[in-house]
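Biologist: I would like to go through this model with you. Could we begin with the terms and then turn to the architecture?

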Amino acid sequence: MDQCENNPAPRSPAANRPVGAGRGAHVNPANRFDKRHIEDDLSGLAPDDEYLAADRKVQTEYLPDESQSIVTENDSPDVGFRYSLNPYRGCSHGCAYCYARPTHEYLGFSAGLDFETKVLVKHRAPDLLRQWLTRKGWTAEPIGFSGATDCYQPAEREFQLTRRCLEVARECRQPLGIVTKNALVCRDIDILGEMASHDTIHVTFSITTLDAPLARVMEPRTSTPAARLRAMGQLCQAGIPVSVLVAPVIPGLTDSEIPRILRAASEAGACSAAWTLLRLPEPVQPVFLEWLARTQPDRQQRILARIRDTHSGKLTDSRFGRRMRGQGEIAEQIRRLFRVFAEAYHLDGDPPPLDSSHFTPPRMPNTQMMMF
């Protein structure tokens, strides 16, 4: 018998690294709508450290999205806006807990690694927004940027679709609300400042934790918590109203940070605060559970027990009114903790209202202005 069969060579360190090194997701769970699922067999490549190391550093692909509309309407009572706009599908921020991951399954991809490495780009987003705003009967209700994926994710540095959409909104004084985890929003202070002078913009920074090492493994390609707080301060100094969204609150992991986050946000200039509980739709669960076992092995069972306590023994509850707040003793403790410290730091009020009274439909290219 060959010596290699009796004493097989040990797998190299590179071979033991999970696919998706440096990403939030290290797995690509099967698409629930696809009967086929492909698994890579790398056992025969174990000695090739260089190949395996490169294979695990999955690069982000930008794919064209040919959507013919850009503004989405929702009727969820849990969401504070009716209309939203997403310039990108998928998000390379790679947050392990992201509730938007299941949307990638409708595109034929996985909610895991695919979601953060195969980003679809809506190149026509500014033109489609302009078309939407010229619709008869449009009453200039606020539009949320973005309802699913972050409009300031790394793709925005290259494609600048969010900035170009902001230019359209500034032109016609269309009110917008932005939610982001990325300090890149400061790049657009010139536009946001002008919009703020007309009360047509509000920016919310989502902060899950102030623990930089935890943030780096849980939401690896977002701006650091410190960078978000600095960005909040810069926008505030420019006269742009900012708020903080403590989200998601992960019971047993980040809930104890609520007072610190609210204090830091208040000191940075936030005028209001809100929170949401961790949501784990079924396609997100294998991604989050793998992340939890890999990065928080000592606290894994405690965290899962507390998550289940907020959802009647389950990992999630899709019912309106409960999916983003939970129920039970631990959920109530989180509510009380947030309320006490939001009041203490004067963040318990509503953000400034957005003004749509000065909206004027934008001009379409190659069209004359209306005379009457």
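Modeller: Certainly. Two strands count as paired if DSSP finds at least two bridges between them. Please keep in mind that this is a predicted model.

Biologist: With that in hand, which residue stands opposite Leu120 in β5?

Modeller: Leu63 stands opposite Leu120. The strands β1 and β5 run parallel and are joined by four bridges.

Biologist: And what is the bridge partner of Arg89 in β5?

Modeller: That partner is Leu120. Here β4 pairs with β5, residues 118-121, in the antiparallel sense, over two bridges.

Biologist: What is the order of the strands in that sheet?

Modeller: The order is β1-β5-β4, in an open sheet of three strands with mixed pairing.

Biologist: Which are the edge strands?

Modeller: They are β1, residues 61-64, and β4, residues 88-89, each of which pairs on one side only.

Biologist: What about the faces of β5, covered or open?

Modeller: Both faces of β5 are covered. Lys118 and Leu120 lie on one side, Val119 and Val121 on the other, and all of them are buried.

Biologist: Changing topic to the helices: at what angle do α11 and α14 pack?

Modeller: The angle is about 30°, and the axes are 9 Å apart. Helix α11 covers residues 258-268, while helix α14 covers residues 329-344.

Biologist: Why are those two called roughly parallel?

Modeller: Angles under 35 degrees count as roughly parallel, and the angle here is about 30°; α11 and α14 are therefore roughly parallel to each other.

Biologist: Is the crossing left-handed or right-handed?

Modeller: The crossing of α11 and α14 is right-handed.

Biologist: Which residues meet there?

Modeller: From α11, Ile258, Pro259 and Leu262 take part. They meet Ile334, Leu337, Phe338, Phe341 and Ala342 of α14. Of the residues in this contact, eight are nonpolar, none is polar and none is charged.

Biologist: Finally, the whole chain. How many helices and strands does the protein chain have?

Modeller: There are 14 helices and 10 strands.

Biologist: And what percentage of the residues is buried?

Modeller: Buried residues make up 50% of the 372 residues in the protein chain. As for contacts with a separation of 6 or more, 79% are between residues 24 or more positions apart.

Technical notes:
Residues are numbered from 1 along each chain as its sequence is written. This is a predicted model: local features need pLDDT of at least 70, side-chain atom pairs count only at pLDDT 80 or more; totals for chains, interfaces and linings use all residues. Side-chain values use heavy atoms; hydrogens and water are left out. Axes are lines fitted to C-alpha atoms, for helices over the stretch in contact, and angles run from 0 to 180 degrees between N-to-C directions. Angles under 35 degrees count as roughly parallel, over 145 as roughly antiparallel, 65 to 115 as roughly perpendicular and the rest as oblique. A crossing is left-handed if the near helix is turned anticlockwise from the far one by less than a right angle, and right-handed if clockwise. Contact means heavy atoms within 4.5 Å. Ala, Val, Leu, Ile, Met, Phe, Trp, Tyr, Cys and Pro count as nonpolar, Asp, Glu, Lys and Arg as charged, and the others, Gly among them, as polar. Buried means under 20% relative accessible area, exposed over 50%, partly exposed in between (1.4 Å probe, protein chains only).
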